[in-house]
Amino acid sequence: MLLSELITELQYRVEDDSDNSRFPEDQKINAINNAYYTLLAIVSDKDLNKFRLTKSTYAFTPDRTLPYSISSVDTSDPILRIANAYDVINFKECKIVSKDELFSSGPNYKYGILLAVSREYVSDADKFILYANPSETARLHLWSNQSVSNLGVNNEYPITEALKPTILGMAESELWRSDNDPTRAKEAYAEAINILQAQEGK
């Protein structure tokens, strides 16, 4: 679906007209994008496939002080979720873990490849640092979420149909809050979360 289609549906939800006189289009886009990143932060790993993922290849080099291999991702996005990772040299799937779990695994992990992502402030900039264990890990394919920060209205929005009602509900809630209508904001958010939990079987 296009971002413009989401904007139109959100317009109906908040009873706006075609001129966006109640909530400007830029405000609707910000609400949709905020909902996207909020949802990305809270969904379980198994539900990451409901986002349209992008495949990238990263080169890793041994860290100077730690017994791991590292790489970095330059992005202005607040969230980076990795759904799958694959070692293209050794033809192995990677297990995605937390940074603490990777660091506690000890050097030269012998039971496959561990991968962790951590947002860190490096060289006067926020970056996502990728850690891999064992340290000889050199090249990985990663399937991760797409950026929506600079997405045009005529571009495909990187979610599947399953996530659309939750994204729209969260975005609607944000707009009602900005309009000083906490009751409708709460109702919209509760409906969005109920849909998400039903999909996850909770």
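Q: Which word fits α1 and α4 to each other, oblique or roughly parallel?
A: This is a predicted model, where local features need pLDDT of at least 70, side-chain atom pairs count only at pLDDT 80 or more, and totals for chains, interfaces and linings use all residues. Residues are numbered from 1 along each chain as its sequence is written, and side-chain values use heavy atoms, leaving out hydrogens and water. Start with the angle between axes (lines fitted to C-alpha atoms over the stretch in contact, with angles from 0 to 180 degrees between N-to-C directions). Under 35 degrees is roughly parallel, over 145 roughly antiparallel, 65 to 115 roughly perpendicular, and the rest oblique. Here helix α1 (residues 3-13) packs on helix α4 (residues 164-178) at about 55 degrees, with axes 10 Å apart, so α1 and α4 are oblique.

Q: Which residues make the contact of α1 with α4?
A: Contact means heavy atoms within 4.5 Å. Leu6, Glu9, Leu10 and Arg13 of α1 take part, along with Lys164, Pro165, Leu168, Gly169, Ala171, Glu172, Leu175 and Trp176 of α4. To read their character, count Ala, Val, Leu, Ile, Met, Phe, Trp, Tyr, Cys and Pro as nonpolar, Asp, Glu, Lys and Arg as charged, and the others, Gly among them, as polar. This contact has 7 nonpolar, 1 polar and 4 charged residues.

Q: What is the angle at which α4 and α5 pack?
A: For α4 and helix α5 (residues 182-200) the angle is about 165 degrees, with the axes 8 Å apart. That is why α4 is roughly antiparallel to α5. On the α4 side you will find Pro165, Thr166, Gly169, Met170, Glu172, Ser173, Trp176 and Arg177. They meet Arg184, Ala185, Ala188, Tyr189, Ala192, Ile193, Ile195 and Leu196 in α5. The split is 10 nonpolar, 3 polar and 3 charged.

Q: How many helices and strands does the protein chain have?
A: Helices and strands are DSSP runs, numbered from the N terminus (H or I and at least four residues for a helix, E and at least two for a strand). The protein chain has 5 helices and 8 strands. Follow it from the N terminus and the order is α-α-β-β-β-β-β-α-β-β-β-α-α.

Q: What box do the C-alpha atoms of the protein chain fill?
A: Picture a box drawn along the principal axes of the chain. For these C-alpha atoms it comes to roughly 60 × 40 × 25 Å.
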